[in-house]
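These are my notes from looking through one model. I went to the sheet before the rings.

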Amino acid sequence: MQSDNPYPPDIDMLEATLYAGDDSPYTRYVAPRGISEATARKFRLGYDDRPVSKFYRRVTFPVLDLPGTYVGMQGRAIDDDQRPKYWHSPFSKEEVLYGFWENSLAIATGKPVVMVEGNYDVLSFARIVTGK
């Protein structure tokens, strides 16, 4: 059974930080990749500006399993020289597909499904399908 709020307590802070300021990480990094604010908010994208975090200076992607339970976080560096480029908290990438839960209602209709590799690919297809 899915809880009312499957996300970790800091998800609201991460999400707010993504949109903070005129030169926000969303404006500089996410929007230029064709991801609308509506899509970014649907998938609860965030940005971590805490220097003590392993997700520091990364766009964050919360990951939910099929029942809708938060299982971890993925992060994408926004600076070209930042390594590693991708970082994720411990969860089984073999058992959980990013964006599967968010799109499970559409998938359940029985229409053809396109599997893609990256988080931004998932967001791009979500934008194409929903038109937002």
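How many bridges join strand S3 to S4, and in which sense do the two run? I counted three bridges, and the strands run antiparallel. S3 covers residues 70-77. I looked up one facing position here: Gln74 stands opposite His88 in S4. I note that this is a predicted model.

**Entry: the sheet as a whole**

I next wrote down the strand order. The sheet is open, has four strands and follows the order S1-S2-S3-S4, with antiparallel pairing. S1 and S4 are the edge strands, each pairing on one side only. I also looked up the turn between neighbouring strands of this sheet, which is 30° on average, direction ignored.

Which helix packs on the sheet? I found helix H1, residues 11-18, touching S1, S2 and S3. The direction of H1 makes about 95° with that of S1.

**Entry: strand S2 and its partners**

I then went through the pairings of S2. Three bridges join S1 to S2, and these two strands run antiparallel. Within that pairing, Gly46 has Thr60 in S2 as its bridge partner. S2 and S3 also pair in the antiparallel sense, over seven bridges. One position I noted there is Val63, whose bridge partner in S3 is Gly72.

S2 and S3 form a hairpin with five residues between the strands. In this hairpin, Gly68 takes a positive phi near 90°.

Is S2 mostly covered or mostly uncovered? I found it mostly covered, with seven of its seven residues buried. I then checked each face. In a regular strand the side chains alternate between the two faces of the sheet. On one side of S2 I listed Arg58, Thr60, Pro62 and Leu64, and on the other Val59, Phe61 and Val63. These residues are all buried, so both faces of S2 are covered.

**Entry: aromatic pairs**

How many aromatic pairs does the structure hold? I noted five. I looked at two of them in detail.

In one pair, Phe43 and Tyr98 are tilted, with 6.0 Å centre to centre and 40° between the planes. This pair links distant parts of the chain, 55 residues apart. Phe43 is in the loop between helix H3 (37-42) and strand S1 (46-48), while Tyr98 is in the loop between strand S4 (86-88) and helix H4 (104-107). Why do I call both residues buried? The cut-off is under 20% relative accessible area. Phe43 counts as buried because its relative accessibility is 0%. Tyr98 is buried because its relative accessible area is 11%.

Another pair is Phe61 with Tyr120, which is edge-to-face: 5.4 Å centre to centre and 90° between the planes. This pair also links distant parts of the chain, with Phe61 in strand S2 (residues 58-64) and Tyr120 in helix H5 (residues 119-130), 59 residues apart. I found both Phe61 and Tyr120 buried.

Which residues make up the aromatic cluster? I wrote down Tyr29, Phe43, Phe61, Tyr98 and Tyr120, which form one cluster.

**Entry: charges over rings**

Last, I looked for charged ends over rings. The charged end of Arg33 sits over the ring of Tyr29, 3.6 Å from its centre. Tyr29 belongs to the aromatic cluster noted above. The charged end of Arg41 sits over the ring of Tyr19, at 3.9 Å from the ring centre.

Notes:
Residues numbered from 1 in each chain as written. Predicted model: local features only at pLDDT ≥ 70, side-chain atom pairs only at ≥ 80, totals over all residues. Heavy atoms only, no water. Phe/Tyr/Trp six-rings, centres within 6.5 Å; stacked < 30°, edge-to-face > 60°. Buried < 20%, exposed > 50% of the residue type's maximum accessible area, 1.4 Å probe, protein only. Lys NZ or Arg CZ within 6 Å of the ring centre and 35° of its normal. Pairing = 2+ DSSP bridges. Axes fitted to C-alpha atoms, helices over the stretch in contact; angles between N-to-C directions. Contact = heavy atoms within 4.5 Å.
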